[in-house]
Amino acid sequence: MTDVEHEALVADVFSAACASRAVLDHVTGRWGALALVALHDGVFRFNALRRRVQGVSEKMLAQTLQALERDGFVHREARPTIPPHVEYSLTPAGQEVARRLMGLIEVLEASVPEVMAAQARYDAAKAAGA
């Protein structure tokens with residue numbers, strides 16, 4: 001794709017063929033969102049990031065970081081030492097996405113009591129056959 005074609009590209013997440021759908025999946029998937037927000041706190045080595053994002057497998061975190069690096073949200077720096085020293089950080093685009101995700105997470109965390117009450121009402125209504 002030439003620079004002119006790239007500049008003329010119009011992204012439409014509602015279009016099945018739009019590349020933004022894959023990027024949206026990378027960012028809003030459970031592990032992508034958590035990795036981005038964790039990296040907003042600073043630079044992490046792989047295992048430290050894995051400990052921060054509890055529950056993610058080594059394989060899933062590696063795949064997630066590769067996708068986010070490919071999308072331009074994560075920077076991977078490998079230092080040629082023994083053992084290898086690899087650090088992950090956010091690019092400016094990754095910082096912007098993480099900042100916005102943090103806002104969403106704050107709203108969700110603040111809404112937990114209301115969400116749990118709504119779930120209990122829903123479950124009770126379903127159990128009662130309503």
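What follows is a chat between a trainee and a mentor about a predicted model.

Trainee: What kind of model is this, and how are the residues numbered?
Mentor: It's a predicted model, where local features need pLDDT of at least 70, side-chain atom pairs count only at pLDDT 80 or more, and totals for chains, interfaces and linings use all residues. Residues are numbered from 1 along each chain as its sequence is written, and side-chain values use heavy atoms, with hydrogens and water left out.

Trainee: OK, pockets. What's the volume of the largest pocket?
Mentor: About 220 Å³. A pocket here is an open set of points on a 1 Å grid over the protein atoms alone, with protein on both sides within 12 Å along at least five of seven lines. The volume is the space filled by probe spheres set on the points, which are joined across faces, edges and corners.

Trainee: Which residues line the largest pocket?
Mentor: L34, V37, A38, R52, V53, M102, I105, E106 and E109 do, lining residues being those with an atom within 4 Å of a point. Helix 3 (30–39) and helix 6 (92–110) are the elements that give two or more residues to that lining. Helices are DSSP runs of H or I with at least four residues, strands are runs of E with at least two, and both are numbered from the N terminus.

Trainee: Which helix gives the largest share?
Mentor: Helix 6, with 4 residues.

Trainee: And how does the lining split by class?
Mentor: There are 6 nonpolar residues, no polar ones and 3 charged ones. Ala, Val, Leu, Ile, Met, Phe, Trp, Tyr, Cys and Pro count as nonpolar, Asp, Glu, Lys and Arg as charged, and the others, Gly among them, as polar.

Trainee: Back to helix 3. Why is helix 3 called largely enclosed?
Mentor: Because 8 of its 10 residues are buried. Buried means under 20% relative accessible area, exposed is over 50%, and partly exposed is in between (1.4 Å probe, protein chains only). The buried ones in helix 3 are W31, G32, A33, A35, L36, V37, A38 and L39.

Trainee: Switching to salt bridges: how many are there?
Mentor: The count comes to 6, taking a salt bridge as a side-chain nitrogen of Lys or Arg within 4 Å of a carboxyl oxygen of Asp or Glu.

Trainee: What does R50 pair with?
Mentor: E58, at 3.9 Å from N to O. R50 sits in helix 4 (residues 46–52) and is partly exposed, at 32% relative accessible area. E58 is partly exposed too, at 47%.

Trainee: How about R99, what's its partner?
Mentor: E96, with the closest N and O atoms 2.8 Å apart. R99 and E96 are 3 residues apart in helix 6, so about one helical turn separates them. R99 is partly exposed at 46%, and E96 is partly exposed at 31%. Elsewhere, E77, R79 and E87 are joined into one network by salt bridges that share partners. Within it, R79 and E87 have their closest N and O atoms 3.3 Å apart.

Trainee: Any odd peptide bonds? Which one is cis?
Mentor: The bond from I82 to P83, with omega near -5 degrees. P83 is in the loop between strand 2 (74–79) and strand 3 (85–90).

Trainee: Last one: is F14 buried or exposed?
Mentor: Exposed, because its relative accessibility is 75%. F14 lies in the loop between helix 1 (3–8) and helix 2 (20–28).

Note on methods: 1 Å grid on protein atoms, 1.4 Å probe; cavity = no way out; pocket = protein on both sides within 12 Å on 5 of 7 lines; lining within 4 Å.
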